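I opened this one to see how a few helices and strands sit together. Here are my notes, in the order I looked things up.

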Amino acid sequence: MKTVDLICQCPPLNVFSIQLVVTISSASFADGVPVWTVPKSHSGERVKNGGLTPLFSAEPSPALKKTSPVQTAEQPSGLEVSSSNEEVTDMEEIKEEDLGVLDDQRGIILHLLSQLKLGMDLTRVVLPTFILEKRSLLEMYANFMAHPDMFLSITAGATAEDRIVRFVEYYLTAFHEGRKGAVAKKPYNPVLGETFHCSWEVPRDNVRPLRSQGQKEPASRDPKNPPHQDAPSGAGCYRVSFISEQVSHHPPVSGFYCECPEKSMCVSAHVWTRSKFLGMSIGVSMIGEGTLCLLEHDEEYVFTLPCAYARSILTVPWVELGGKVTINCAKSGYSATVTFHTKPFYGGKVHRVTAEVKHNPTNTIVCKVQGEWNGTLEFTYSSGETKVIDTAKLPIIKKKLRPVEKQERNESRRLWQHVTKSLKEGNIDKATEHKHRLEEHQRGEERQRTAENSPWTPKYFSKEGDGWIYNNPLWKSH
């Protein structure tokens, strides 16, 4: 049976939620460490108010296009990545089977595990094709923006304290929708130059207004709202745009950017992951940080990411988050510490999380959180006020994107359409064959670039220090 990389992912940080990815590369992708990245703060450059720049796009320069001897991406032409009148609501419902590992598949995994040692780096380990999930890793990151209304509500906070609490709310509720099933499966490993574009239209009434002192916010969204909302198009909505690009292959790095010009806010992100074999589980360390910019308030929020663990890899694989992460706003002096608790060997709950929001100058705890990141979260404020959020009841706003036939050849849905179709049909051999063709084409292009000493140039992102920054972020407008 042919094999491919395995990524046991856990919800990212969207771009900001936290994707926990175990990348286990086949020989064709063996150089370098698995990655999902979140950029460093903008080299000390201050966030500035002013003009708003939309996401930009270039004419097609697909990763699989053969007309150019060396595949380097063209620079943005000044056109929007995706025109709102071309986009349609995503009606694709990808549901993964939660049956776990079948008997014939378990033998393959057992043979593989017999060759591993505890603590071994899994970068070069080959795992079987039947773990494939029906979407690209780049699209998975977009799915962490399933609550863009909560994202937009951050900048509407009346005070710095309110804004960081709202960010913590968004951060903690962003993980649950990134997964499409209980079983940990592998999304497609993006090819170099692959991109994913989408947007959300958020009804203005869904974005929480400024909260005055002592005013109690609702415990959850309007119960009359359905779990999935199709936002009406037009002037009654804010538009949130998202773009991701595979900017490097050795090591594999993805760049992410999301913005709402009308609300003067954006997020840049990239992350580096390292995975280790832990016996009957796989551990993933997330190295990197992300930056949320609120231009209206001249604030930057720098956040880190938790570790992830793929458990029960011989039976029904599942993912839990673990470790301590931080959120810091240097200007306001507020910070938050979020701890993702792993389940004890005996007893204890799964997916438990606790958090504290602190005002550093006065050493005052202004908010405490406890609960489960994929269940119910309880917020307790210093005033004694409490609020409960049930992530399962939060309405999800579906993303909008161009139909496959209108996408460039290197966009995720179009690039992987034949693999996805084969997986839906249950034809694993055919899916592996289509994926193998994409990999072979990428290897050929890489050999050609090496022979001509012509490195790949990403279309939308540029390397800055240890990270990758979107070429036209809002904070660079002035």
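**Helix 6 against helix 7**

I began with helix 6 (residues 417–424) and helix 7 (residues 428–451), whose axes come within 8 Å and cross at roughly 170°. Axes here are lines fitted to C-alpha atoms, for helices over the stretch in contact, with angles from 0 to 180 degrees between N-to-C directions. Helix 6 and helix 7 are therefore roughly antiparallel, a term for angles over 145 degrees. Helices are DSSP runs of H or I with at least four residues, strands E runs of at least two, numbered from the N terminus.

A note on the source: this is a predicted model, where local features need pLDDT of at least 70 and side-chain atom pairs count only at pLDDT 80 or more, while totals for chains, interfaces and linings use all residues. Residues are numbered from 1 along each chain as its sequence is written, and side-chain values use heavy atoms, leaving out hydrogens and water.

Next I looked up who touches whom (contact means heavy atoms within 4.5 Å). His418, Val419, Ser422 and Leu423 of helix 6 meet Ile428, Lys430, Ala431, His434 and Lys435 of helix 7.

I also checked burial (under 20% relative accessible area, 1.4 Å probe, protein chains only). Buried residues of helix 7 include Ala431, His434 and Lys435. After helix 7 comes Asn453, with a positive phi near 50°.

**Strand 16**

Then I turned to strand 16 (residues 299–303), where 5 of 5 residues are buried. Glu299, Tyr301 and Phe303 point one way, Glu300 and Val302 the other. I found Phe303 opposite Gly290 and also opposite Ile327 in strand 18.

Terms used. Angles under 35 degrees count as roughly parallel, over 145 as roughly antiparallel, 65 to 115 as roughly perpendicular and the rest as oblique. Buried means under 20% relative accessible area, exposed over 50%, partly exposed in between (1.4 Å probe, protein chains only). Two strands pair if DSSP finds at least two bridges between them.
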